[in-house]
Amino acid sequence: MRNPLRRPRALLAAGAAAALALTAAACGDSGESDADITFWHIQNEDPMKSTWAAMADEWSEESGLTVEPSAIAVEDFKTRLSTQTQAGDLPGLYNTWGGGVLAEQVEAGLVRDISGLECLDKVNPIALESYTIDGKLYAIPFDQGVVGFWYNKDLFAQAGITTTPTTWTEFTAAVQTLKDAGITPIALGAADKWPVHYYWTYLTMRLVGLDGLAAAAEAGDFSGEGFVQAGQLLADLAAMEPFQEGFESATYGEVDGQAAHMGEGIAAMELMGQWAPQVQRDASGTEGPGDALGFFPFPALDGGPGVATEFLGGGGGFAAGADAPEEIEDFMCYLLEEENQARAVKDGNFSTVAADPAAVVPEMNAEQQAIADALAKATDTQLYLDQAYPPAIGSIINDASQGLILGEIDSAEFVTMVNEAWAAEQ
Amino acid sequence: VTPTRDQIRSDAGRAGGGAPPRRGRGRRPGAGTLAAFIAPALILFLLFVLVPVLFAGYTAFFRWNGLGGLPTDFAGLENFRTLVADEVFLGDLGRIGLITVLSIAVQLPMAFGLAMLLHQRFPGRTAFRLLFFVPYILTEAVTAVLFGLIFSPRRGFADAVLAGLGADGRIGWLSDRGIVLFVIFGILTWKFFGFHMILYLAGRQNIPEELYEAARVDGATGRQLFRHITLPLMGPTVRITVFLSVIGTVQLFDLVYVLTKGGPYHASETLAITMYEQGFVRGQIGYASALSIAMFLISLVFALIYQRYVLSRDTQGALTSTDGGRT
């Protein structure tokens, strides 16, 4: 009856069971890191990727705390961060664009209040606006810029266009001229949706103005004539078929995407932010259009209160998770040291946020100069709507923008979708 | 009634009824051993399957963005009412239905035919079997990236091949809303036919050769052999592959999400993608929970009906009456 092997077998079974449970526990924990500070940024290409890593190492050596940087592509970053937000555990230091998304994280008590940061005199106070919520500061900026048309001067010249368009009529005329010359007028990554929402946002900024936008957001009502008209203008533009072939499934930054079309000099222009020239080079694996790359603001529109010096814009910043050690403020200040700001501007091609730009970037390149000039002329700025509004609204605007240019919905349906989303959010 | 089923029955009867021939080694294990073996799986199952399912059933009745503790804003059936009027959700059902129909009408018969071919003896048979099974080994994400490059709009391999054949113009493989779903179906077929083929091959190999010999002696033609022996005896395998195919389609996510994100504008969106977008992109966890409950119910109802009316003959004896002879 008593098999001498029984006992060891039972032990073995128990051991196996325990090992299994341990493995499972370890799996559940795989998202965690042993580092004191996890550092999530979106500069997933060199040289900036290595520069962030180097800064993290240097500070780590100084402070004795470990920092683990993670470079995450922007779309993945957004989804991973929102999952992390729902889990109630944000990284020690992470990329943010401010606005409604940051506000939602702040409301959930997941973000560190850094109003008392000692090195704030190093940055331009204007750059802090996107990260200030109810008078408290929640992130440091490292980049500040605007969205506008980046265009290829050679292709414009080839089509016989000598001056950049300043009104919407001139703009659509230029699109037609480019088309007639056999050049793809506009590169667009419609699969990513957000590059499309820039068009709708700019058109509404021109037609209803920034105050009008603010009032609509306040009331949750986008039914005004200007909003419908903006959608119609965008639909009309799409009807001209100005985008590259296959734009419907193209992304912004991947192979054969929007930035690659610009980088390879195939498309004549794109509506994009200050990071565009860098991504053009990265995504195409080329040197980009180089000196042939120019910048002009989104054109003006007759009949609306908006003017061409009002920019859609924003920048990148870093917020700290509520659970981060208090030395995180030291790390933030380390990143803001003028020498380090200069490295970031050089390697990441950022638009400087320094209080004294000359100290950080004595000589700007043409791309940085274009953004700096636009910022200097700017009379007002509007944060990207998919960041300014709560995620449920922002993603509807992105979605509807895509549907509109594909001709799947009309501008009235666009407005209805946005209104319904606001109503559900109340 | 087939010979195999009779065999199963008589086996079951023997094991349960008469003198226990294998009793000595098959002794009932002690409660402690049982618990040690069952507990890890059971705990994991409860923790990661049952609890989340019940929790989703709870949050589906709330307006909730997933932040700041448990949901408080009770919404009753509102999420479900929105759901049945949601064009994207209804579209998902249509797209899932289309892929299911195509799978059963095209993918499975193709896999069946290949399995029959590969059952024959010919040189290189093993190499072919291996080759056809390889796509199934790739993860869905890798497959999607691969086909993303093949169908890339400007430098894609597919367009290059067409151009090489002298075709004029390009095809919007992934950008044309009218064809993207069919392209995805093609990729799904490429990926999964090998899996179904292996199942069919195994099913075919289980059919005793004696049956064919006997039929041939009686003068049966090749067509008759297939119709009256192969097809009926492959029934259980065919029924289970249809089941796996349908359930797999309902849950389709990775491949499509990586390839098209469900676009252009919902043209290739699936139930799981809609759920993901609502829950994790828009932060409407309550609504996404309602959607996941709908998915769960669709799978459950289908599984129950299918088990009750289609699979019942196959599982009879094997699953339902193992203990039959004892009592």
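Select Ser175(B) first, in this predicted model: the residue sits in the loop that runs between helix H7 (157-164) and helix H8 (180-205) of chain B. Is Ser175(B) buried or exposed? With a relative accessible area of 9%, Ser175(B) counts as buried, because that value falls under the 20% cut-off for a buried residue. Now display what surrounds it, leaving out the neighbours within four places in sequence: Ser175(B) is in contact with Gly246(A), Glu248(A) and Ser249(A) of the partner chain, and with Pro264(B) of its own chain.

Since those contacts lead into chain A, colour the two chains separately and turn to the interface. On this boundary, 33 residues of chain B are in contact with 38 residues of chain A. Select Leu67(B), Tyr265(B) and Arg282(B) next, for these are the residues of chain B that lose the most area to chain A, together 24% of what that side buries. The size of an interface is often given as the accessible area lost when the parts come together. For chain B and chain A the buried area is about 3,100 Å², with 55% of it given by carbon and sulfur atoms.

Keep Arg282(B) selected and add Asp399(A), which forms a salt bridge with Arg282(B), the closest N and O atoms lying 2.9 Å apart. How many salt bridges does the rule find across the interface of chain B and chain A? It finds seven, and the search for polar contacts across the interface gives twelve residue pairs, both residues of each pair being at pLDDT 80 or more. Highlight helix H2 (31-59) and helix H12 (271-281) of chain B, each of which supplies at least two residues of the side that touches chain A. H12(B) gives the most to that side of chain B, with five residues. If you colour the residues on the side of chain B that touches chain A by type, they divide into 14 nonpolar, ten polar and nine charged.

Move away from the interface listing to helix H4 of chain B, where Arg95(B) has its place. Arg95(B) is buried, with a relative accessible area of 15%, a value that is under the 20% limit and therefore meets the criterion for burial. Show the side chain of Arg95(B) together with that of Asp92(B), and a polar contact of 2.8 Å will be seen to join the two. Which backbone oxygen does the side chain of Arg95(B) reach? That of Glu269(B), at 2.7 Å. Widen the selection, again setting aside neighbours within four places in sequence, and the residues in contact with Arg95(B) are Val88(B), Leu181(B), His266(B), Ala267(B), Ser268(B) and Glu269(B).

Stay on helix H4 (residues 87-119) of chain B and select Gly113(B), which is partly exposed at a relative accessible area of 32%. Then draw a distance from the C-alpha of Gly113(B) to that of Leu201(B): the two residues are 88 apart in sequence and 9.9 Å apart in space.

Finally, zoom out to chain B as a whole, which holds 13 helices and two strands. Of its 327 residues, 39% count as buried, and the accessible surface of chain B comes to about 18,400 Å², of which carbon and sulfur atoms account for 67%. Among the contacts in chain B between residues at least 6 apart in sequence, 66% join residues at least 24 apart.

Technical notes: Residues numbered from 1 in each chain as written. Chains lettered and ligands numbered in written order. Predicted model: local features only at pLDDT ≥ 70, side-chain atom pairs only at ≥ 80, totals over all residues. Heavy atoms only, no water. Helix = DSSP H or I, 4+ residues; strand = E, 2+ residues; numbered from the N terminus. Buried < 20%, exposed > 50% of the residue type's maximum accessible area, 1.4 Å probe, protein only. Contact = heavy atoms within 4.5 Å. Areas by Shrake-Rupley, 256 points an atom, 1.4 Å probe, with all protein chains shown as cover. Buried area = accessible area lost by both parts, 1.4 Å probe. Salt bridge = Lys/Arg side-chain N within 4 Å of Asp/Glu carboxyl O. Polar contact = N/O pair within 3.5 Å; in protein donor to acceptor, adjacent residues only side chain to side chain. Nonpolar A, V, L, I, M, F, W, Y, C, P; charged D, E, K, R; others polar.
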